[in-house]
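I opened this one to see which charged side chains pair up. Here are my notes.

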Amino acid sequence: MPMLAHFEELAPRNDRRRSVRRALRLGIGGSEQAVTVHDLSLTGALLETSVPMLVGQTFEVELAEAGKMDATIIWNSGEYYGCQFDLPISPSVLSAALLKAAPERPNGNGATPDPLSELRELSNEVERLALKMERALKRLTRD
């Protein structure tokens, strides 16, 4: 389920970077740099925005439960961008972000999610399990 977000330009750091530094914030902002987050996972996100970005460009992502983290654009196609977090977020942070973005169900009737949402949830669960397996395999190979 798509989430609304926006980019905010950050004040330049005292380093030699000349590129614009941005921060992605979930929710509607007062900026013209609107973003739609089509998919959020443990390791990254699929963004749609008219803000031009280059592959390899980094930006800050702020999730209330995780704080600030860096993400890097790893591919783009038109106004769609795939980004990867420098460090994976925890399943609880992912769940909290998705719950905040979920629309309220009328009368709390507990209607089942649409098939696309269900597939996304399953994909996130598979990704979480793959990370657990990878960590377990690393521990096994160290011994």
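I counted five salt bridges, taking one as a side-chain nitrogen of Lys or Arg within 4 Å of a carboxyl oxygen of Asp or Glu. This is a predicted model, where local features need pLDDT of at least 70, side-chain atom pairs count only at pLDDT 80 or more, and totals for chains, interfaces and linings use all residues. Residues are numbered from 1 along each chain as its sequence is written, and side-chain values use heavy atoms, with hydrogens and water left out.

I looked up E8 next: its side chain meets that of R25 in a salt bridge, 3.2 Å from N to O. E8 sits in strand β1 and R25 in strand β2 (residues 22–26), so the pair ties together parts 17 residues apart in sequence. For strands I used DSSP runs (E, at least two residues), and for helices H or I runs of at least four, numbered from the N terminus.

R25 also has a salt bridge with E60, with the closest N and O atoms 3.8 Å apart. That pair links distant parts of the chain, since E60 is in strand β5 (residues 58–63), 35 residues from R25 in strand β2.

Are E60 and R25 buried or exposed? Both are buried, meaning under 20% relative accessible area (exposed is over 50%, partly exposed in between; 1.4 Å probe, protein chains only). E8, at 32%, counts as partly exposed.

Then I checked helix α2 (residues 115–142), where E125 and R128 lie three residues apart, about one turn of the helix. Their salt bridge has its closest N and O atoms 2.4 Å apart.
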